[in-house]
Amino acid sequence: MTSSTPKVPRVLARSAQAATATAAVADVFRTVAVRDHYLHPTDASFHRSGLVSMVFVYLMNLAIVLFLVWLARARRNAQELSPGAPLPSRGWTIGAWFIPVVNLLVPRGILLAVGRAGSASWDERRDTTLVNLWWAAWVAHALVIVVTNQVAPGSMALLVVAESLMIAAAALVGLVIERITALQNSALGATVPVAPPAQV
């Protein structure tokens with residue numbers, strides 16, 4: 001391995017973090033607008049909730065794309081750093097996020113596999129706990145949203161819980177991105193290029 005191995009660009013990591021945080025904040029405004037329309041339906045509230053929801057969808061799609069681009073790059077680096085590591089295929093790394101039920105279970109393992117293969121400095125206790133906390137917050141948020149929509153669409157308590165979990169998941173995935181990027185770039189930066197043979 002040589003130092004020509006590409007690093008995970010920090011601008012890509014920062015963009016994914018910023019987009020995720022922005023989408024999480026937009027989701028709070030969307031939730032407030034949708035609840036307001038549910039409780040006090042008017043033409044104005046309908047248009048307002050529709051506009052805010054549209055903005056949220058655009059931001060969330062951007063966050064998803066940037067995150068998956070970052071993840072694909074991190075997976076490639078992990079494979080370069082640990083050729084024999086049990087990493088998922090490139091297609092499965094992305095595709096698993098879009099299959100119902102599977103996307104509640106498999107992506108956590110993908111992040112762990114990328115993290116472990118990407119650096120010998122991966123802390124099995126601290127770093128795995130960070131990934132687990134993020135995944136628990138994300139899945140819990142999804143489940144609370146489903147329960148809220150089915151049982152009590154106008155419940156302020158459930159909406160506060162759901163949005164708190166969303167913000168927590170966004171913050172935690174930002175930390176996961178930061179940790180994996182830093183560890184991989186450190187490992188890649190430590191590689192030494194092979195010197196050309198001496199001329200005699």
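How many of the 200 residues in the protein are buried, as a percentage? Buried residues make up 39% of the 200. Please keep in mind throughout that this is a predicted model.

**View 1. The whole chain holds six helices and zero strands.**
Reading along the sequence gives the pattern α-α-α-α-α-α. The C-alpha trace spans about 85 × 30 × 25 Å along its principal axes. The accessible surface comes to about 10,900 Å², and carbon and sulfur atoms hold 69% of that area. Among contacts with a separation of 6 or more, 74% join residues that are 24 or more positions apart.

**View 2. Confidence along the model averages a pLDDT of 88.**
A score of at least 70 is reached by 90% of the residues. Helix α3, residues 90–95, has the highest confidence, at 95, while helix α1, residues 10–39, has the lowest, at a mean of 92. Do have a look at residues 192–200 as well, where the pLDDT is below 50. Beyond near neighbours in sequence, this stretch has five contacts in the model.

**View 3. Glu178 and Arg14 meet in a salt bridge through their side chains.**
Here the N to O distance is 2.4 Å. Glu178 lies in helix α6 (residues 156–189) and Arg14 in helix α1, so the pair ties together parts of the chain that are 164 residues apart in sequence. Both partners keep some access to the surface: Glu178 is partly exposed at a relative accessible area of 26%, and Arg14 is partly exposed at 39%. Widen the view a little to bring in Arg10, which is linked with Arg14 and Glu178 in a network of salt bridges. In total, the structure holds seven salt bridges.

**View 4. Asp127 forms a salt bridge with Arg179.**
The closest N and O atoms of this pair are 2.8 Å apart. Asp127 sits in helix α5 (residues 126–151) and Arg179 in helix α6, and the pair links distant parts of the chain, 52 residues apart. Is Asp127 buried or exposed? Asp127 counts as buried, because its relative accessibility is 2% and the cut-off for buried is under 20%. Arg179, at 22% relative accessibility, counts as partly exposed. Asp127 also meets the side chain of Arg126 in a salt bridge, with an N to O distance of 3.6 Å.

**View 5. Ser45 is a buried residue in helix α2.**
The relative accessible area of Ser45 is 1%. Which backbone atom lies 2.8 Å from a polar atom of the Ser45 side chain? The backbone nitrogen of Thr42 does. Leaving aside residues up to four places away in sequence, Ser45 touches Asp36, His37 and His40.

**View 6. Leu51, Met54, Val55 and Tyr58 make a nonpolar surface patch.**
The patch amounts to about 400 Å². One of its members, Met54, is found in helix α2, which runs over residues 43–81. Met54 is partly exposed, with a relative accessible area of 40%.

**View 7. Val65 is another residue to find in helix α2.**
Val65 is partly exposed, at a relative accessible area of 48%. For a sense of scale, follow the chain from Val65 to Gly118: the two are 53 residues apart along the chain, and their C-alpha atoms are separated by 21 Å.

**View 8. Val101 has a positive phi although it is not a glycine.**
The angle is about 75°. Val101 has its place in the loop between α3 and α4, the latter helix covering residues 106–118. How accessible is this residue, and what does Val101 count as? Val101 counts as exposed, because its relative accessibility is 58% and the cut-off for exposed is over 50%.

**View 9. Pro9 lies in the segment before α1.**
Pro9 is partly exposed, with a relative accessible area of 28%. Pro9 and Phe98 are 89 residues apart in sequence, and their C-alpha atoms are 25 Å apart in space.

Methods
Residues numbered from 1 in each chain as written. Predicted model: local features only at pLDDT ≥ 70, side-chain atom pairs only at ≥ 80, totals over all residues. Heavy atoms only, no water. Patch = residues over 30% accessible without salt bridge, like charges linked within 9 Å, V, L, I, M, F, W, Y side chains within 5 Å. Areas by Shrake-Rupley, 256 points an atom, 1.4 Å probe, with all protein chains shown as cover. Salt bridge = Lys/Arg side-chain N within 4 Å of Asp/Glu carboxyl O. Helix = DSSP H or I, 4+ residues; strand = E, 2+ residues; numbered from the N terminus. Buried < 20%, exposed > 50% of the residue type's maximum accessible area, 1.4 Å probe, protein only. pLDDT = per-residue confidence, 0-100. Contact = heavy atoms within 4.5 Å. Polar contact = N/O pair within 3.5 Å; in protein donor to acceptor, adjacent residues only side chain to side chain.
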